[in-house]
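Biologist: Hi! I'm new to this one, could you walk me through it?
Modeller: Happy to, let's bring it up on the screen.

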Amino acid sequence: APYRQLFWIMTTQLEIVECWDRGVKAALANDYDKALESFDKIADPRCYVLFDMGSVCLKKCDLKRASKHFDAAVKKDQHLAVGYFQRAIVKHKLREYQAAQEDFEKTFKLLRGNKLIDYKQMGMPMKLYSSEVLYNQALNYIFLGDGDKAKKSLENAIDEKMTAAHDIADKALAAAKKGDLFELYLLPTEALFKPPAYKTEVIGRSAEYMGHAKVLSSWDQDKTAGFEGVKRVQSPTPTRKRGDGISPGPGTISPVPRSP
(Lines give C-alpha, C1' and ligand atoms only; values in the text may rest on other atoms or scores of the structure.)
Protein backbone atom coordinates (compact mmCIF):
# COMPACT_ATOMS: atom_id res chain seq x y z
CA ALA A 1 0.00 0.00 0.00
CA PRO A 2 2.72 2.57 0.82
CA TYR A 3 4.37 1.88 -2.53
CA ARG A 4 1.07 2.34 -4.37
CA GLN A 5 0.52 5.66 -2.58
CA LEU A 6 4.05 6.81 -3.43
CA PHE A 7 3.53 5.80 -7.07
CA TRP A 8 0.25 7.74 -7.20
CA ILE A 9 1.90 10.85 -5.73
CA MET A 10 4.81 10.64 -8.17
CA THR A 11 2.44 10.13 -11.12
CA THR A 12 0.32 13.11 -10.07
CA GLN A 13 3.40 15.31 -9.73
CA LEU A 14 4.58 14.28 -13.19
CA GLU A 15 1.19 15.13 -14.67
CA ILE A 16 1.33 18.58 -13.04
CA VAL A 17 4.80 19.22 -14.40
CA GLU A 18 3.74 18.01 -17.84
CA CYS A 19 0.74 20.39 -17.92
CA TRP A 20 2.89 23.25 -16.66
CA ASP A 21 5.63 22.59 -19.22
CA ARG A 22 3.10 22.27 -22.05
CA GLY A 23 1.46 25.54 -21.00
CA VAL A 24 4.75 27.45 -20.94
CA LYS A 25 5.72 26.16 -24.37
CA ALA A 26 2.35 27.17 -25.80
CA ALA A 27 2.63 30.64 -24.26
CA LEU A 28 6.11 31.14 -25.73
CA ALA A 29 4.62 30.22 -29.11
CA ASN A 30 1.95 32.92 -28.55
CA ASP A 31 -0.79 30.29 -28.36
CA TYR A 32 -2.32 31.77 -25.21
CA ASP A 33 -5.60 29.85 -25.31
CA LYS A 34 -3.75 26.54 -25.48
CA ALA A 35 -1.45 27.68 -22.68
CA LEU A 36 -4.35 28.50 -20.37
CA GLU A 37 -6.04 25.23 -21.28
CA SER A 38 -2.96 23.35 -20.05
CA PHE A 39 -2.56 25.45 -16.91
CA ASP A 40 -6.25 25.04 -16.04
CA LYS A 41 -5.79 21.27 -15.77
CA ILE A 42 -3.69 21.78 -12.62
CA ALA A 43 -6.09 21.47 -9.70
CA ASP A 44 -4.10 23.38 -7.08
CA PRO A 45 -1.42 25.41 -8.91
CA ARG A 46 1.58 26.76 -7.05
CA CYS A 47 2.49 30.45 -7.06
CA TYR A 48 4.81 30.06 -10.08
CA VAL A 49 2.07 28.52 -12.22
CA LEU A 50 -0.40 31.16 -11.04
CA PHE A 51 2.09 33.84 -12.06
CA ASP A 52 2.35 32.28 -15.51
CA MET A 53 -1.43 32.17 -15.81
CA GLY A 54 -1.67 35.83 -14.86
CA SER A 55 1.05 36.79 -17.33
CA VAL A 56 -0.68 34.94 -20.16
CA CYS A 57 -3.99 36.64 -19.34
CA LEU A 58 -2.17 39.99 -19.32
CA LYS A 59 -0.86 39.23 -22.82
CA LYS A 60 -4.44 38.45 -23.88
CA CYS A 61 -5.60 41.73 -22.29
CA ASP A 62 -7.91 39.73 -20.04
CA LEU A 63 -7.13 42.07 -17.17
CA LYS A 64 -9.74 40.92 -14.65
CA ARG A 65 -8.65 37.32 -14.95
CA ALA A 66 -4.98 38.35 -14.83
CA SER A 67 -5.58 40.27 -11.62
CA LYS A 68 -7.26 37.23 -10.07
CA HIS A 69 -4.29 34.98 -10.85
CA PHE A 70 -1.75 37.49 -9.55
CA ASP A 71 -3.83 37.90 -6.39
CA ALA A 72 -3.60 34.15 -5.84
CA ALA A 73 0.12 34.05 -6.66
CA VAL A 74 1.17 36.70 -4.12
CA LYS A 75 -1.18 35.22 -1.55
CA LYS A 76 0.77 31.95 -1.78
CA ASP A 77 4.14 33.72 -1.84
CA GLN A 78 4.11 37.15 -0.23
CA HIS A 79 7.76 37.69 -1.21
CA LEU A 80 7.19 37.26 -4.96
CA ALA A 81 8.24 40.76 -6.01
CA VAL A 82 7.66 40.14 -9.71
CA GLY A 83 4.11 39.04 -8.89
CA TYR A 84 3.35 42.40 -7.26
CA PHE A 85 5.02 44.14 -10.21
CA GLN A 86 2.79 42.37 -12.72
CA ARG A 87 -0.31 43.01 -10.63
CA ALA A 88 0.62 46.70 -10.45
CA ILE A 89 0.73 46.82 -14.25
CA VAL A 90 -2.70 45.19 -14.42
CA LYS A 91 -4.12 47.65 -11.86
CA HIS A 92 -2.66 50.56 -13.82
CA LYS A 93 -4.26 49.31 -17.02
CA LEU A 94 -7.56 48.96 -15.15
CA ARG A 95 -7.16 52.59 -14.08
CA GLU A 96 -6.96 51.54 -10.44
CA TYR A 97 -4.01 53.86 -9.92
CA GLN A 98 -3.91 53.90 -6.13
CA ALA A 99 -3.91 50.10 -5.97
CA ALA A 100 -1.21 50.05 -8.65
CA GLN A 101 0.90 52.49 -6.64
CA GLU A 102 0.69 50.29 -3.56
CA ASP A 103 1.89 47.29 -5.56
CA PHE A 104 4.77 49.23 -7.13
CA GLU A 105 5.82 50.34 -3.64
CA LYS A 106 5.57 46.75 -2.38
CA THR A 107 7.71 45.56 -5.29
CA PHE A 108 10.38 48.14 -4.57
CA LYS A 109 10.36 47.23 -0.88
CA LEU A 110 10.88 43.55 -1.69
CA LEU A 111 14.02 44.46 -3.63
CA ARG A 112 15.49 45.22 -0.17
CA GLY A 113 17.83 47.92 -1.40
CA ASN A 114 19.17 45.80 -4.27
CA LYS A 115 19.14 46.97 -7.87
CA LEU A 116 17.78 43.70 -9.20
CA ILE A 117 16.35 40.28 -8.48
CA ASP A 118 17.60 37.49 -10.72
CA TYR A 119 14.89 34.84 -11.17
CA LYS A 120 17.01 32.44 -13.22
CA GLN A 121 17.53 29.97 -10.37
CA MET A 122 13.78 29.99 -9.73
CA GLY A 123 13.00 28.95 -13.30
CA MET A 124 12.47 32.29 -15.05
CA PRO A 125 15.26 33.60 -17.32
CA MET A 126 14.95 37.29 -16.47
CA LYS A 127 15.91 39.95 -13.97
CA LEU A 128 13.60 42.48 -12.37
CA TYR A 129 15.38 45.84 -11.97
CA SER A 130 14.66 48.60 -9.49
CA SER A 131 15.00 51.11 -12.34
CA GLU A 132 12.04 49.47 -14.14
CA VAL A 133 9.91 49.57 -11.01
CA LEU A 134 10.66 53.27 -10.43
CA TYR A 135 10.00 54.06 -14.09
CA ASN A 136 6.50 52.54 -14.00
CA GLN A 137 5.85 54.08 -10.63
CA ALA A 138 6.60 57.49 -12.12
CA LEU A 139 4.04 57.04 -14.87
CA ASN A 140 1.47 55.94 -12.32
CA TYR A 141 2.19 59.09 -10.25
CA ILE A 142 1.30 61.19 -13.28
CA PHE A 143 -2.11 59.53 -13.49
CA LEU A 144 -2.52 60.17 -9.78
CA GLY A 145 -1.94 63.84 -10.54
CA ASP A 146 1.41 64.13 -8.75
CA GLY A 147 3.90 65.39 -11.33
CA ASP A 148 6.58 66.24 -8.78
CA LYS A 149 6.71 62.70 -7.42
CA ALA A 150 6.74 61.39 -10.98
CA LYS A 151 9.83 63.44 -11.83
CA LYS A 152 11.54 62.42 -8.60
CA SER A 153 10.82 58.75 -9.29
CA LEU A 154 12.28 59.09 -12.79
CA GLU A 155 15.39 60.74 -11.40
CA ASN A 156 15.78 57.79 -9.06
CA ALA A 157 15.21 55.40 -11.97
CA ILE A 158 18.05 57.10 -13.85
CA ASP A 159 20.33 56.68 -10.83
CA GLU A 160 19.44 52.98 -10.67
CA LYS A 161 20.08 52.24 -14.37
CA MET A 162 21.97 49.02 -15.08
CA THR A 163 21.38 48.30 -18.79
CA ALA A 164 21.15 50.32 -21.99
CA ALA A 165 17.42 49.57 -22.09
CA HIS A 166 17.03 51.71 -18.98
CA ASP A 167 17.83 54.82 -20.99
CA ILE A 168 14.07 55.06 -21.45
CA ALA A 169 14.05 56.72 -18.03
CA ASP A 170 16.02 59.70 -19.43
CA LYS A 171 13.58 60.06 -22.31
CA ALA A 172 10.63 59.73 -19.94
CA LEU A 173 11.98 62.47 -17.68
CA ALA A 174 12.37 64.81 -20.65
CA ALA A 175 8.78 64.03 -21.66
CA ALA A 176 7.49 64.54 -18.12
CA LYS A 177 9.11 67.98 -17.92
CA LYS A 178 7.16 68.93 -21.04
CA GLY A 179 3.95 67.57 -19.57
CA ASP A 180 3.91 64.61 -21.94
CA LEU A 181 3.21 60.98 -21.15
CA PHE A 182 5.42 57.97 -21.84
CA GLU A 183 4.77 54.27 -22.30
CA LEU A 184 4.42 51.72 -19.51
CA TYR A 185 7.26 49.21 -19.24
CA LEU A 186 6.13 45.60 -19.73
CA LEU A 187 8.01 42.39 -19.02
CA PRO A 188 9.20 40.41 -22.05
CA THR A 189 7.19 37.46 -23.38
CA GLU A 190 9.70 34.94 -22.03
CA ALA A 191 9.15 36.16 -18.47
CA LEU A 192 7.48 32.93 -17.36
CA PHE A 193 8.42 30.47 -14.67
CA LYS A 194 9.33 27.05 -16.04
CA PRO A 195 9.28 23.70 -14.23
CA PRO A 196 12.68 22.42 -13.03
CA ALA A 197 14.71 20.90 -15.86
CA TYR A 198 15.30 17.62 -14.02
CA LYS A 199 11.53 17.10 -13.75
CA THR A 200 10.88 17.71 -17.44
CA GLU A 201 13.73 15.31 -18.23
CA VAL A 202 12.00 12.65 -16.14
CA ILE A 203 8.86 13.15 -18.23
CA GLY A 204 10.87 12.66 -21.40
CA ARG A 205 12.51 9.50 -20.12
CA SER A 206 9.16 8.12 -18.92
CA ALA A 207 7.55 8.75 -22.31
CA GLU A 208 10.48 7.10 -24.10
CA TYR A 209 10.36 4.09 -21.79
CA MET A 210 6.62 3.61 -22.21
CA GLY A 211 7.02 3.94 -25.94
CA HIS A 212 9.46 1.00 -26.06
CA ALA A 213 7.74 -1.16 -23.45
CA LYS A 214 5.79 -4.18 -24.67
CA VAL A 215 3.77 -6.36 -22.32
CA LEU A 216 4.03 -10.10 -22.88
CA SER A 217 0.55 -11.58 -23.15
CA SER A 218 1.29 -15.11 -21.97
CA TRP A 219 3.01 -16.89 -19.14
CA ASP A 220 5.90 -19.21 -19.89
CA GLN A 221 6.50 -22.53 -18.24
CA ASP A 222 8.36 -20.85 -15.37
CA LYS A 223 5.27 -18.70 -14.65
CA THR A 224 7.07 -15.40 -15.26
CA ALA A 225 5.83 -12.28 -16.99
CA GLY A 226 6.85 -8.68 -17.49
CA PHE A 227 8.04 -6.14 -20.04
CA GLU A 228 10.02 -7.27 -23.02
CA GLY A 229 13.73 -6.86 -22.41
CA VAL A 230 13.40 -7.05 -18.62
CA LYS A 231 15.06 -9.98 -16.85
CA ARG A 232 12.77 -12.71 -15.58
CA VAL A 233 11.75 -12.66 -11.95
CA GLN A 234 10.86 -15.66 -9.80
CA SER A 235 7.46 -14.31 -8.80
CA PRO A 236 4.65 -12.83 -10.91
CA THR A 237 4.34 -10.05 -8.33
CA PRO A 238 6.89 -7.27 -9.00
CA THR A 239 8.87 -5.95 -6.07
CA ARG A 240 10.43 -2.56 -5.56
CA LYS A 241 13.67 -1.87 -3.77
CA ARG A 242 13.76 0.71 -1.02
CA GLY A 243 14.60 4.15 -2.45
CA ASP A 244 13.23 3.50 -5.95
CA GLY A 245 11.53 6.56 -7.38
CA ILE A 246 12.16 9.92 -8.97
CA SER A 247 15.03 11.96 -7.64
CA PRO A 248 16.58 15.18 -8.91
CA GLY A 249 19.98 13.55 -8.60
CA PRO A 250 23.11 14.76 -6.85
CA GLY A 251 24.15 18.37 -7.16
CA THR A 252 20.65 19.75 -7.78
CA ILE A 253 20.20 22.95 -5.82
CA SER A 254 17.14 25.17 -5.68
CA PRO A 255 17.22 28.62 -4.03
CA VAL A 256 13.77 28.10 -2.54
CA PRO A 257 11.66 25.01 -1.98
CA ARG A 258 10.03 24.30 -5.32
CA SER A 259 7.21 21.99 -6.14
CA PRO A 260 4.79 22.35 -9.02
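Modeller: One bit of groundwork before we start: the expected span of a helix is 1.5 Å times one less than its number of residues. Also keep in mind that this is a predicted model.

Biologist: Okay, let's use that rule right away. What span should helix α5 have, and how far apart are its end C-alpha atoms?
Modeller: Helix α5 covers residues 81-93, which is 13 residues, so at 1.5 Å a residue it should span 18 Å. Its end C-alpha atoms are 19 Å apart, which agrees.

Biologist: Is α5 mostly covered or mostly open?
Modeller: Mostly covered: twelve of the 13 residues in α5 are buried. Among them are Ala81, Val82, Gly83 and Tyr84, and the list also includes Gln86, Arg87, Lys91 and His92.

Biologist: And what do those buried residues of α5 pack against?
Modeller: Quite a list! They pack against the helices α3, α4 (63-76), α6 (97-110) and α7 (130-143), and against the strands β1 (116-118) and β2 (127-129).

Biologist: What follows α5?
Modeller: Arg95 follows α5, and its phi is positive, near 65°.

Biologist: Let me zoom out. How many helices and strands does the chain have?
Modeller: Ten helices and two strands. Along the sequence the order is α-α-α-α-α-α-β-β-α-α-α-α.

Biologist: How much of the chain is buried?
Modeller: Buried residues are 39% of the 260 in the chain. The accessible surface is about 15700 Å², with 52% of that belonging to carbon and sulfur atoms.

Biologist: What about contacts between residues far apart in sequence?
Modeller: Take the contacts with a separation of 6 or more: 61% of them are between residues 24 or more positions apart.

Biologist: Which residues touch the most other members of the largest nonpolar core?
Modeller: Phe39, Val82, Tyr119, Leu128 and Phe193 do, in a core of 62 residues. Helix α3 (residues 47-59) gives this core its largest share, nine residues.

Biologist: Tell me about Tyr119. What does it touch?
Modeller: Leaving out residues up to four places away in sequence, Tyr119 touches Leu80, Ala81, Val82, Met124, Met126, Leu128 and Phe193. Tyr119 also belongs to an aromatic cluster with Tyr48, Phe51, Phe70 and Phe193.

Biologist: Nice, aromatics. How many aromatic pairs are there in the whole structure?
Modeller: A search of the whole structure turns up seven. One of them is Tyr97 with Phe143, a stacked pair with 5.0 Å centre to centre and 25° between the planes. That pair links distant parts of the chain, since Tyr97 is in helix α6 and Phe143 is in helix α7, 46 residues apart.

Biologist: Are Tyr97 and Phe143 buried or exposed?
Modeller: Tyr97 is buried, at 16% relative accessible area. Phe143 is partly exposed, at 36%. The cut-off matters here, because buried means under 20%.

Biologist: New topic, salt bridges. How many are there?
Modeller: The count comes to ten. One of them joins the side chains of Glu18 and Arg22, at 3.3 Å from N to O.

Biologist: How are Glu18 and Arg22 placed relative to each other in the helix?
Modeller: They are four residues apart in helix α1 (residues 2-28), so about one helical turn separates them. Glu18 is partly exposed at 35% relative accessibility, and Arg22 is partly exposed at 32%.

Biologist: Which residue does Asp40 form a salt bridge with?
Modeller: Arg65, with the closest N and O atoms 3.1 Å apart. Asp40 sits in the loop between α2 (32-39) and α3, while Arg65 is in helix α4, so the pair ties together parts 25 residues apart in sequence. Asp40 is partly exposed at 43% relative accessibility, and Arg65 is partly exposed too, at 28%.

Biologist: Any other salt bridges I should look at?
Modeller: Try Lys161 and Asp170, where the closest N and O atoms are 2.7 Å apart. Lys161 is partly exposed at 28% relative accessibility, and Asp170 is partly exposed at 32%.

Biologist: Back to Arg87 in α5. Which residues is it linked with in a salt-bridge network?
Modeller: Arg87 is linked with Asp71 and Asp103 in that network. Arg87 is also one of the buried residues of α5.

How values were computed
Residues numbered from 1 in each chain as written. Predicted model: local features only at pLDDT ≥ 70, side-chain atom pairs only at ≥ 80, totals over all residues. Heavy atoms only, no water. Buried < 20%, exposed > 50% of the residue type's maximum accessible area, 1.4 Å probe, protein only. Contact = heavy atoms within 4.5 Å. Areas by Shrake-Rupley, 256 points an atom, 1.4 Å probe, with all protein chains shown as cover. Core = buried A, V, L, I, M, F, W, Y, C linked by side-chain atoms within 4.5 Å. Salt bridge = Lys/Arg side-chain N within 4 Å of Asp/Glu carboxyl O. Phe/Tyr/Trp six-rings, centres within 6.5 Å; stacked < 30°, edge-to-face > 60°.
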